[in-house]
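Q: Could you take a close look at the aromatic rings here, and then set them in the context of the rest of the chain? I would like one connected account, with the reasoning shown wherever a label such as buried or exposed is used.

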Amino acid sequence: MCIFMGLYANFPIALASGMGLNAIAAYELAAPLGSLPAAMAVFVIEGLIIAVLVLTRVREKVMEAIPLPMKHAIGVGIGLFIALIGLQEAGIVVGDPATLVGLGELWRFPVLVVLLGLFLTAVLLKLKVPGAILWGIAATTIIATAANYIAGFSADGSSVLGFAKGTALLPGQILALPDFSTFGRLDFGRVFTGFGWLGASLTIFSVMLSDFFDTMGTVVAIGDQSGMMDEKGNIPRLRRILLVDSLAAAAGGAAGASSVTSYVESAAGIASGGRTGLMVVVVGLLFLVSIFFHPLVAVIPAQATAPALILVGFLMVKLIRRIDFEELDTALPSFVIILLMPLTYSITNGIGAGFIAFTFLKMFQGRFREVHPLMYVVTAGFIVYFAAPVIAGAS
């Protein structure tokens, strides 16, 4: 699907199984249904529905209906979200039962590796070294792996320095055949017998809306960061981009690999200079190779990618200067988007809350004509999305 995106849409955005959608697959679909094939069937259904919305230009029109300041806010919110993910993976930000989040133990070895990697990558970016983020990941991986070898491993193969099990290259763990046991296993009937028709419909709608707007937010953010978004907020070849993404969702479900979607880490490629589909074709080819070299790829610890995520988040947050905070009608919804994306750990939640805030602000001022008709439809959809657990419970 990455290769398809590069060749057909010529846009620098890569695709992979979305982590938020993975969580939905595991905890909200597979677990209650007791069936992974049924969970994958949901992704096939919602992907095909979104493909129809793309072909009928509905998805494209929805993106065009969003006010430009809110499009910039989506990029900023995703930047903060990416940075938060990086800080979590680094162990710098941790959970705290008293204050929700807190500061991690900075003197633990894995955290020190992250801080060193962050410094090295920032210096490379400042010096404008080509591929600075990639070199930063490579250097941090080498440092972590060397330290693991020097310190040794526990009996179960985990690092005594605190790294997760498997984050060091061990002899014999380079090549491995992929597991195709879930490929093509779908159970559509179980979706409706397990949830009931109303529950299944609400579930498919919620997953579809999450996939729809996660992608929309990512495409807007990547287009904005790469400079490919014009002064009106339009993105070239948008329909092709959205069509590939929707087909990828269905293809991911059919392959048993969860919903495949445009993902925010593509911003790392943009930060390294990617501006065309060639970047994504290369990513796709590397993905094909990594299927067989996945034990080797697993050597890269989270501590090596965390600095990249933090710095990419920084680069995306700079878009905030394009938002006019004197215009309350768009500034307040933009603030809601920026705030809720990282705090609710969801791109869709941030966009949905921002859209509802924008529409209601305009309505209570009696300025109905300043809201695009599709924004009313989307706002109503998000109200159903947020109320879905209550509706499902009442049924």
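A: In this predicted model, the structure holds 12 aromatic pairs. One of them joins F360 and F364, whose ring centres lie 6.2 Å apart with 40 degrees between the planes, which makes the pair tilted. That label follows from the angle, because planes under 30 degrees apart would count as stacked and planes over 60 degrees apart as edge-to-face. The two residues belong to helix α15, which covers residues 347-364, and because they are four residues apart within that helix, about one helical turn separates F360 from F364. Their surroundings can be compared through accessibility: F360 has 33% relative accessibility and therefore counts as partly exposed, whereas F364, at 72%, counts as exposed. The limits behind these words are under 20% for buried and over 50% for exposed, with partly exposed in between.

Aromatic residues also gather into a group, since one aromatic cluster is formed by F212, F213, F355, F382, Y385 and F386. A charged side chain meets a member of this cluster, for the charged end of R59 sits over the ring of F212, at 4.9 Å from its centre. A further arrangement of this kind involves Y8, where R240 lies over the face of the ring, 4.6 Å from the ring centre.

Turning to the loop just before the helix of the tilted pair, S346 is placed between α14 and α15. With a relative accessibility of 14%, S346 counts as buried, and, when neighbours within four places in sequence are left aside, S346 is in contact with F81, L340 and M341. The preceding loop, between α13 (302-317) and α14 (328-343), holds R322, which has a relative accessible area of 42% and is therefore partly exposed. R322 also brings distant parts of the sequence together: its C-alpha atom is separated by 7.2 Å from that of P69, although the two residues are 253 residues apart along the chain. Apart from its neighbours within four places in sequence, R322 is in contact with H72 and D224.

Other loops can be read in the same way. S35 lies between α2 (19-33) and α3 (36-55), where a relative accessible area of 12% makes it buried, and, not counting residues up to four places away in sequence, S35 touches A30, D187 and R190. I92 lies in the loop between α5 (68-90) and β2 (93-96), and it too counts as buried, at 12% relative accessibility. Beyond the residues up to four places away in sequence, the contacts of I92 include L87, G102, L103, V111 and L115. The C-alpha atoms of I92 and E105 are separated by 7.1 Å, with their positions 13 residues apart along the chain.

Two backbone angles deserve attention. Most residues other than glycine have a negative phi. L100, however, has a positive phi of about 75 degrees although it is not a glycine; L100 is placed in strand β3, residues 100-103, and counts as exposed at 68% relative accessibility. R237 likewise has a positive phi, near 55 degrees, and is found in the loop between α8 (188-226) and α9 (238-254), where 35% relative accessibility makes it partly exposed.

For the chain as a whole, there are 16 helices and four strands. A compact globule of 395 residues would have a radius of gyration near 21 Å, and the chain, at 22 Å, agrees with that expectation. Along the principal axes, the C-alpha atoms fill a box of roughly 70 × 50 × 50 Å. Of the 395 residues, 48% count as buried, and the accessible surface comes to about 18,400 Å², of which 70% belongs to carbon and sulfur atoms. Among contacts between residues at least 6 apart in sequence, 76% join residues at least 24 apart.

As to confidence, the mean pLDDT of the chain is 87, and 93% of its residues reach 70 or more. Confidence is highest in helix α1 (residues 2-9), at a mean of 96, and lowest in helix α12 (residues 294-297), at 79.

Methods: Residues are numbered from 1 along each chain as its sequence is written. This is a predicted model: local features need pLDDT of at least 70, side-chain atom pairs count only at pLDDT 80 or more; totals for chains, interfaces and linings use all residues. Side-chain values use heavy atoms; hydrogens and water are left out. Rings of Phe, Tyr and Trp (its six-membered ring) pair if their centres lie within 6.5 Å; planes under 30 degrees apart count as stacked, over 60 as edge-to-face and the rest as tilted. Buried means under 20% relative accessible area, exposed over 50%, partly exposed in between (1.4 Å probe, protein chains only). A charge sits over a ring if NZ of Lys or CZ of Arg is within 6 Å of the ring centre and within 35 degrees of the ring normal. The radius of gyration is taken over C-alpha atoms; the globule rule is 2.2 Å times the number of residues to the power 0.38. Contact means heavy atoms within 4.5 Å. Accessible areas come from the Shrake-Rupley method with a 1.4 Å probe; for residues, only the protein chains shown count as cover. pLDDT is the predictor's confidence in each residue, from 0 to 100.
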